[in-house]
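Reader: Hello! I am new to this structure and would love a close look at one part of it. Could you walk me through a single helix and then show me what surrounds it?

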Amino acid sequence: MQKLIRGFLLLTLIVSAFALPFSATSLAKTGTVYKVPIHNEVEKGLYAFLKRSFTEAEQSGADVIVLDINTPGGFTDAAEEIAKLMDETDLKIIAHINKRALSAGAFLALHADEIYMAPGSTMGAAAIIDGSGNAAEKKAQSAWSAAMINAAKSQGRKPKFALAMANPEEDIPEFRAGKGELLTLRDEEAALPEVGYSEGTVANFDELLAKIGKKDAVIISSDPTFSEQIARFITNPVVVPILLSIAGLGLIVELYSPGFGVAGTMGVSALLLFFYGHLIAGLAGYETILLFLLGAGLIVAELFLPHGIAGIAGAVAVTGSIIMAGANPAYMALSVLIAIVIAITGMVVIMKFFGKKLHLLNRMILMDATDTESGYVSNVNRIDWLGKTAITLTPLRPSGAIVMDGERIDVVSEGNYIDKGKHVKIVKVEGSRTVVRELQEMEGNE
């Protein structure tokens, strides 16, 4: 029995000794590929998603990160931050251009260690444009051209093609990029030896894995979370001014409404979404939120404090927090200005065309008027005093006081001086103005 057990143990050790090398070889051959999509526009929210994905790839022991690129471009400041993230990552990064890598997308592809393109895909057309869709100023164009050159050089690629993608003054007619035209490379052109911008054309992702020797690798796909999707949408520079305008207009309309209703809810919700998106994207910190809450508190305090200092300080704090929440202070300031203009326009429309009154002012300013239309009068017109006599209590110069039936009355003479203790007759009553005339002795005897 003991011999049988010893034999079984020996057999187990022999099998294990042979199995371990094969297992290790198989594991080494398999490896792990982390697949990360870069779709739609390149913006600040994308940076937060890629940063998380790269961190997870390193922690999972991945060998390669494959960027599945299909983007029309986006914003250069976001692309530069993502490119820096790519350069700082130790893992090998491969760009798989699955349809198009234009503008900022081409810039990111050039920062990858290797580039593969799908059939019919394109890369290039990377001129920088402003918010109106026009060519940016020369200063910005020059800086972006230099960035494209550096992107090509970072991976040992020929910089002249990257420059032709960004600068229409470059002349490369053999690729339809004569002077005045931007270079856009097709997949087969990018793979030409004299260009060297692509390691080859692959029909699909499986073929790409075979090309890079990872056919049997474990594939981990990284997808943006729901929060990251919201952040990408909210931090889009086109959405930011719209969101702030909704917030401003909603709060302005709420000022003209009794209580707190739909407009106020929309305004507050827009502000909460704005800060939530920028917080998730890593653009806004908790200090920004605290500054906003401080500003909002000061504005509320203005309802109970005089002089308006708290309200002004609160408005400055709220504006500052919004500007701090964005990556580009100049653009955020412009977005705030747009929102203010829209809010003021809405206020004018509400007051001018709808005749609405600002309900909030009723809590800050006495709005009630004691006019005659409301039944109020400043005094009683005492026409019953006409013809009555009284005695001057003070000299009339020409104003003074008389006493009649024990009541002191302020009066004026007809212009002449009347001494104290003289008999006078009330000859006119006009509102609060009572006119008297001195009685002569003869008239008094009568």
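Reader: Which residues in α9 are buried?

Author: Happy to help! A word on the model comes before the helix. This is a predicted model, in which local features need pLDDT of at least 70 and side-chain atom pairs count only at pLDDT 80 or more, while totals for chains, interfaces and linings use all residues. Residues are numbered from 1 along each chain as its sequence is written, and side-chain values use heavy atoms, with hydrogens and water left out.

Now to your helix. In α9, the buried residues are Glu-228, Ala-231, Arg-232 and Ile-234. Buried means under 20% relative accessible area, exposed means over 50%, and partly exposed lies in between (1.4 Å probe, protein chains only). The names of helices and strands come from DSSP runs (H or I of at least four residues for helices, E of at least two for strands), numbered from the N terminus. The cover over the buried residues of α9 includes β1 (32-39), α2, α10 (239-255) and α11 (262-280).

Let us follow one of those covering elements, α2. The axes of helix α2 (residues 44-59) and helix α9 (residues 226-234) come within 7 Å and cross at roughly 150°. Here axes are lines fitted to C-alpha atoms, for helices over the stretch in contact, and angles run from 0 to 180 degrees between N-to-C directions. The crossing makes α2 roughly antiparallel to α9. For that wording, angles over 145 degrees count as roughly antiparallel, under 35 as roughly parallel, 65 to 115 as roughly perpendicular, and the rest as oblique.

Which residues make this contact? From α2 come Gly-45, Leu-46, Ala-48, Phe-49 and Arg-52, and from α9 come Glu-228, Ala-231 and Arg-232. Contact means heavy atoms within 4.5 Å. By type, the residues of the contact of α2 with α9 divide into 4 nonpolar, 1 polar and 3 charged. In this sorting, Ala, Val, Leu, Ile, Met, Phe, Trp, Tyr, Cys and Pro count as nonpolar, Asp, Glu, Lys and Arg as charged, and the others, Gly among them, as polar. Glu-228, Ala-231 and Arg-232 belong to the contact with α2, and these three are also among the buried residues of α9.

With α9 in view, let us step back to the chain around it. The chain has 16 helices and 13 strands, and buried residues make up 38% of its 446 residues. Of the contacts with a separation of 6 or more, 60% are between residues 24 or more positions apart.

Another helix to look at is α4 (residues 104-110), where Phe-107 lies. Phe-107 counts as buried because its relative accessible area is 4%. Beyond four places in sequence, Phe-107 touches Ala-79, Glu-80, Ala-83, Trp-144, Ala-147, Met-148 and Ala-151. From Phe-107 to Asn-150 the distance is 9.7 Å, C-alpha to C-alpha, although they are 43 residues apart in sequence. In helix α8 (residues 205-211) you can find Glu-207, which is partly exposed at 31% relative accessibility. Leaving aside neighbours within four places in sequence, Glu-207 is in contact with Thr-201 and Val-202.

Next come the nonpolar cores, each a set of buried Ala, Val, Leu, Ile, Met, Phe, Trp, Tyr and Cys residues joined through side-chain atoms within 4.5 Å. The largest has 54 residues, and Met-123 and Tyr-197 have the most contacts inside it. A second, separate core of 17 residues includes Phe-274, Ala-284, Phe-292 and Ile-322.

Charged pairs complete the tour. The structure holds 12 salt bridges, each being a side-chain nitrogen of Lys or Arg within 4 Å of a carboxyl oxygen of Asp or Glu. One of them joins Lys-92 and Glu-114, with the closest N and O atoms 2.8 Å apart. This pair links distant parts of the chain, since Lys-92 is in strand β3 (residues 92-102) and Glu-114 is in strand β4 (residues 114-117), 22 residues apart. Lys-92 is partly exposed at 34% relative accessibility, whereas Glu-114 is buried at 17%. Another salt bridge runs between Arg-433 and Glu-430, at 3.2 Å between the closest N and O atoms. Arg-433 is partly exposed at 41%, and Glu-430 is partly exposed at 42%. Finally, salt bridges that share partners join Arg-176, Arg-186, Glu-188 and Glu-189 into one network.
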